[in-house]
Each structure stands twice: as structure tokens, then as C-alpha cells.
Amino acid sequence: MKQDLPFTPKLLDRCISCGYCLPACPTYALTQEEESSPRGRINLMRAVQIGELSLDQTLEQSSFCLGCRACESVCPAGVEYGTLLEEWRSAAWQGKNRSLILHLLLFAVNKAWRVRFLGLFNLRNYKKSEPAQYSLMLGCFERGLFPGVSAAAATNADVSVCSSQGCCGALHAHNGELDRGKEMAAELGEKLPGKILTTSGGCAAHLASVLGKDRVIEYSQSLAARIEQLQPVLINGKRARVALQDSCHLRHGLQIFNEPRAVLAQLADYVELPGASDCCGAAGTYAILRSKDSNQVFDKKAKEIAKLDLDYIVSVNPGCTRQLKTQLRKRRIKTKVIHIAEFVALSNKL
Ligand code: SF4
Ligand code: SF4
């Protein structure tokens, strides 16, 4: 029983302090300080749990952590670090500890009508087929920033589209409003019938954690049955040269990473980015709230992308799309950034 403790005891107890997670952690790589590692952070949580430290004293590390969950994939004890981080922020990021910008972001997507407003300026005509194989999730900021992604997914899959849907609550769950985040996922689950098709890795992992994996399908998974029908994307008569940037939550939360690679290998000359599984520094709100650290996290990736002479770097999450576009533009790297649904749509045009 958790009672009034900030952390679920059995989740906190699972860490055996082996340190296998340290080399996988991008913030530990930046500082080489134990406090900035998963093990160090779990020790901070334990100190809070027994009253040795206040939540305020751990605020910096709760925010410096990217929430990428790379530590989970290498942990031999099965520590659910992502859930612990959600509990940490829900306890610590309250009142004065929440910045105005974060207040505004959470406010903007808290109600379905506000989310609909975000998409108003980018209205699309979706193909509607009822009943359809999947219900398409339009996302919150994705429908405002990258409306072409849902439009492409809607042409490439058998979907029904409910335009009055709200946000899945991932933003809330990852930023100090875990209960509200779960409520929003449940509301979306009621609104969208059957299996929910999502083009966002972060949303897929959050929805699956609340509604169950059986209710959620990520876009590249949905193509599995007809992958061989996809035609190559050609540039000047040659297959496009592409690499993938993994979505952290898709990879470490749902273990989905072979599926987008299989789609891209069918469509193009696929090259593996050496650090494809490393966080790009977008990390939900991180690139906005901690832009300096986010830039630093991206440095290594920028060099890798520049070296590979790619036509496209492909993303499976809107936050990563935004980060890749912004960072590559800033560094004058000409590689184009595209979401996998839009890349598949290019194939269909040829
Ligand atoms: S989180 Fe996992 S890998 Fe890291 S120290 Fe704890 S048990 Fe070891
Ligand atoms: S979530 Fe990512 S940044 Fe945070 S402790 Fe784990 S590996 Fe490090």
C-alpha cells in the first residue's frame, strides 16, 4: 500500500544498486556524477521516502532527468524507472515548483475543446470509413504542429477519425499530473472505439500503460501485414538513403523498434544511425523547459547525422520531429526530417 508516501514502495525496493544502468544514461554521460544517474536518482527518491531529504532538495534532478527510460531496458532487476519518475514529479512539481510555461502547456491540452482549437487552423479532410479497422488518434500538439502526419496515416490505414477527441494525457503524466494523465487516457479510450492507431511513440506508451497494450497500435506496427506492397521512395532514380531516430518510449516502454526499421528497409536504402536508440533531447517538454541541456544531449546525434549523408532522418514521434528539425536547422545540416507516416505517403505517390 502506498498510503501518503510519494513512491510506491515495491517499485522503489526493486533497485539492487548494481549500476548497470549508468552507461545507458544520457545525463550521467554529460556530468559523470552519480546524482545524475538512474541509481543516484533512485537513491534520492529513497531519501525522500524516509524523510532524509525534502522533495524540494531533489527538484533539480527530477527535472534534469530526460525521462527517456533507457535505464529500464538495461536493468536486470526490472526497475520501472518511468513510473517512479512520474510519481516523483507528481509529488514534487506542484505549486511554486511548476513554471508558468508548464502551467500553460498543461492547461492548453487539459480539455478536449482546447485541443480541438489547437488543430483548428490546420483542418484536414480525413478519409472516413465506418466501421474501420482502427480509430486514429490525432494527438494534441501534433495536430497543430504537424497535421500532415495524421492526414498521411489516414490515407495509409483503414481508420475512422473522431474529430472531437482530446489529448491522451501523456503530457500530464510526465509533468507532475499523473492522476489527471491517467484520467485523460481513460477518457480517450472511451471516445475512440476498438484499437487506437497512434503516430506518436510517447502517446502509444502512455495509452498502453493505462488502457492495456491490446487497445493500442503504433503506426509502423499497423503496416506489418502489407509491408511487401510498399513501393520504394526514389530520389533521382535511386532509393532514398534514410536513417531512423527511435522514440524512447516506444523502444524502452513498448519494445517497438524492429517494426519501423522493417518498414524503412522496404522503402529505402536504410542506414542505422549509431546512436538511433539514444534520446534526441526532445523528451516531451524537456527541450522547452531545459533547452541548454537538450542542446547538449543532441550534440553527438548531430555529428552522427551529418556524417551519414542521408536524404532523410525519419521520426516516429512528434516531439522528436520538432527537435530534429529545430536542431538540424540551427546547425545548418541539410538532412530532411520526416515522420514515418509521411515517408510512407511519399512511397504511395510514386
Ligand atoms: S536501476 Fe536497475 S540497473 Fe540501475 S542500479 Fe538499480 S537495479 Fe541496477
Ligand atoms: S530516464 Fe533517461 S535520463 Fe533519466 S535516469 Fe533513466 S536513462 Fe537517465
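What follows is a short conversation about a predicted model.

Visitor: How are the residues, chains and ligands labelled, and what is counted?
Guide: Residues are numbered from 1 along each chain as its sequence is written, while chains are lettered from A and ligands numbered from 1 in the order in which they are written. In this predicted model local features need pLDDT of at least 70 and side-chain atom pairs count only at pLDDT 80 or more, whereas totals for chains, interfaces and linings use all residues.

Visitor: Why is the protein called as compact as a globular protein of its length?
Guide: The radius of gyration, taken over C-alpha atoms, is set against the globule rule, 2.2 Å times the number of residues to the power 0.38. For 350 residues that rule gives 20 Å and the radius of gyration of the protein is 20 Å, so the protein is as compact as a globular protein of that length.

Visitor: What share of the residues is buried?
Guide: A residue is buried if 20 or more other C-beta atoms, placed from the backbone, lie within 10 Å of its own, and buried residues make up 47% of the 350.

Visitor: What makes a set of residues a nonpolar core?
Guide: Such a core consists of buried Ala, Val, Leu, Ile, Met, Phe, Trp, Tyr and Cys residues joined through C-beta atoms within 7 Å. The largest one has 96 residues, and L197 is among those that touch the most other members. Its largest share, six residues, comes from helix α13 (residues 201-211), a helix being a DSSP run of H or I with at least four residues.

Conventions: Buried ≥ 20, exposed ≤ 12 C-beta atoms within 10 Å, placed from the backbone. Helix = DSSP H or I, 4+ residues; strand = E, 2+ residues; numbered from the N terminus.
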